[in-house]
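Please walk through this model with attention to its cysteines and to two further positions in the chain.

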Amino acid sequence: MIYTIVVKDLENKDNIVAYYDFDCVRSFDMNMTANVSAIPVESSVTITDNISYEPTTYNIEAIVSSYGIFDSKNEIVYDGKGLRKVGNGTQEQVDVKTHLEARNNLLKLFFGRQIVTLVESDRKPFVYDSPTDAYKLQKMGNSPEVESCVITSMKVSYPDSADDALYISLTLQKVLLAK
């Protein structure tokens, strides 16, 4: 499955302000917790009245890289000597650090206390012009989403063997909204 974090415009939910998909998801967990009253309950009382549910949390461990395998404007190939950017029939050595830009944007999202939507999809849009276009392409498939989430934890680590990628662990919590 493809997991994506999107930020929707508060006034127009069809307009996507930011779109973050991951190159590879190492793991995804959905955690649900309920609390039961510790106070003794009469046997004739319905037990469901004494159960309260905590907000659902979602854990994503993913890889973010600078490799644009499917990006026609910035396709990267490995030629046995190093990474090369392919464009206009030429191959030039390129220093690609888009994973650092993605990290910085996710940090801004975390510290900006943004409300996000978690999208689970069976398709990944490879070429798109805007975050809204990417979201619409992704929604053409089977794509349940969880709105009103907040990133409550974020861990960034770097693998020893690659300098153009990073590991990211995110915990998102569904916000319970009163209606």
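**Cysteines and two other sites**

C24 has a relative accessibility of 36%, so it counts as partly exposed. This is a predicted model. C149, in contrast, is buried, with 0% relative accessible area. A disulfide is a covalent bond between the sulfur atoms of two cysteines. The structure holds 0 disulfides. For a pair to be counted, the cysteine sulfur atoms would have to lie within 2.5 Å.

C149 also appears among the contacts of Q114. That glutamine sits in the loop between α1 (98-111) and β10 (116-121). Where does the chain come back to meet Q114? Residues up to four places away in sequence set aside, Q114 touches V7, L109, C149 and V150. The C-alpha atoms of Q114 and S148 are separated by 9.4 Å, while the two residues are 34 apart along the chain. Is Q114 buried or exposed, or partly exposed? Its relative accessibility is 35%, and because the partly exposed class runs between 20% and 50%, Q114 counts as partly exposed.

The last site is T4, which belongs to strand β1, residues 2-8. With a relative accessibility of 0%, T4 counts as buried. Which residues does T4 contact, leaving aside neighbours within four places in sequence? They are Y19, Y20, D21, T117, L118, V119 and Q138. Among these contacts of T4 are T117, L118 and V119, and the strand β10 spans 116-121.

Terms used:
Residues numbered from 1 in each chain as written. Predicted model: local features only at pLDDT ≥ 70, side-chain atom pairs only at ≥ 80, totals over all residues. Heavy atoms only, no water. Buried < 20%, exposed > 50% of the residue type's maximum accessible area, 1.4 Å probe, protein only. Helix = DSSP H or I, 4+ residues; strand = E, 2+ residues; numbered from the N terminus. Contact = heavy atoms within 4.5 Å.
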